[in-house]
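Me: I would like a close look at a single part of this structure, treated in a formal manner. Please give one connected account of it.

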Amino acid sequence: RIGASERYADLAERLDLKDRADQVTTTLREDVSFDADRLGELAPALASGAGDVFIVWLFSVMLLAGGPPIVDAFGRLFPSPDTQARVHAVIVRAHRRTARYVGLMTVRAVAVFVLTYGLSLLLDLRVPTVLALAVAFLSLFPCFGLFVGGVLFAISTALRSPDLVVPLILAALLVQACDVVFVQRRIERWSVAVRSFVLLVVTMLGWSLEGVRGVVVATVAVIFVMAAVEEGLAIRDGAVPDPGSGVDGEL
């Protein structure tokens, strides 16, 4: 259809679009096929994936059961009772704030996914699920993620509705500004302030090391570290009560 259109026929011919599209579809068909020759390759992959899921599930259960004793044991490594109390308070509060941040950002990403998916269906765009997932993932980066996702969405509408590209980019800029003012600030006030540059660097590092798993682990770890640093500075500056300054456990 693109090659037959008056506007894009010359561009499609210069890019050799038809042959490239045939190559892509042939490769995808071969990669997702379930021929008898490929079943031998599929079984080990499924077994490995199932083993990974079981290990992650078992590790999560162990953390839920042994988390508090691990925190207490780590606190007892410090000789001073006051330091032990401060370390314990910082870890507990940082964990609570990290869980709150991850939960709120996930809820926002789900809302962005639903809205993007619905708008993609309304505009009759191709691969709406993939597009919605990409925009939802980009929305996890504060201050610029929604705008970048909006630009990606606008570019994907270029072939279907070219006149909507500029209005969609302007709308993405407006949505990003409203999100920073009304949504992101409240999320950070309720949890922890995380800078986009830090998340971007950690995401790239985690992806280069362990792919999706590396991204998840590295992101949660850096959020926890930032929350712990904020809690420690708040105790030092007197913004919150010092749990180690009391007598016999009393603040």
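Please concentrate on helix α6 (residues 145–156) and the way it packs with helix α7. Which residues of α6 and α7 meet, and where are the salt bridge partners R108 and D179 found?

Reply: The model is predicted, and the account below starts from α6 and proceeds to the elements around it.

Helix α6 covers residues 145–156 and helix α7 covers residues 165–190. Their axes lie 8 Å apart, and the helices pack at an angle of about 165°. Angles over 145 degrees count as roughly antiparallel, and α6 and α7 are therefore roughly antiparallel to each other. Their crossing is right-handed. On the α6 side the contact is made by G145, L146, F147, G150, V151, F153 and A154. These meet V165, L168, I169, A172, L173, V175, Q176 and D179 of α7. Sorted by class, the contact of α6 with α7 comprises eleven nonpolar residues, three polar ones and one charged one.

Helix α6 also packs with α5, which spans residues 128–138. The axes of α5 and α6 come within 7 Å and cross at roughly 160°, so these two helices are likewise roughly antiparallel to each other. From α5, the residues in contact are L131, A134, V135 and L138. From α6, they are G145, L146, V148, G149, L152, F153 and S156. By class, the contact of α5 with α6 has eight nonpolar and three polar residues, with no charged residue. G145, L146 and F153 thus appear in the contact with α5 and also in the contact with α7.

The loop between α5 and α6 contains C143. Phi of C143 is near 80°, a positive value in a residue other than glycine. C143 counts as partly exposed because its relative accessibility is 49%. A further positive phi, of about 60°, occurs at D124, which is not a glycine either. D124 belongs to the loop between α4 (81–122) and α5.

D179, named above among the α7 residues that meet α6, also forms a salt bridge with R108, with the closest N and O atoms 2.6 Å apart. Side chains of opposite charge can pair when their charged atoms come close. R108 lies in helix α4 and D179 in helix α7, so this pair links distant parts of the chain, 71 residues apart. R108 is buried, with a relative accessible area of 10%, and D179 is buried too, at 7%. Salt bridges that share partners also join R93, R97, E230 and E231 into one network.

The structure holds seven salt bridges. One of them, between the side chains of R86 and D242, has an N to O distance of 2.8 Å. R86 lies in helix α4 and D242 in the segment after α8 (196–237), so the pair ties together parts that are 156 residues apart in sequence. R86 is partly exposed, with a relative accessible area of 28%.

Helix α4 also holds T98, which is buried with a relative accessible area of 5%. Leaving aside residues up to four places away in sequence, T98 touches V220, I223, F224 and A227.

To return to the part requested, α6 packs roughly antiparallel to α7 and roughly antiparallel to α5, while D179 of α7 pairs with R108 of α4.

Terms used
Residues numbered from 1 in each chain as written. Predicted model: local features only at pLDDT ≥ 70, side-chain atom pairs only at ≥ 80, totals over all residues. Heavy atoms only, no water. Axes fitted to C-alpha atoms, helices over the stretch in contact; angles between N-to-C directions. Helix = DSSP H or I, 4+ residues; strand = E, 2+ residues; numbered from the N terminus. Parallel < 35°, antiparallel > 145°, perpendicular 65-115°, else oblique. Left-handed = near helix turned anticlockwise from the far one by under 90°. Contact = heavy atoms within 4.5 Å. Nonpolar A, V, L, I, M, F, W, Y, C, P; charged D, E, K, R; others polar. Buried < 20%, exposed > 50% of the residue type's maximum accessible area, 1.4 Å probe, protein only. Salt bridge = Lys/Arg side-chain N within 4 Å of Asp/Glu carboxyl O.
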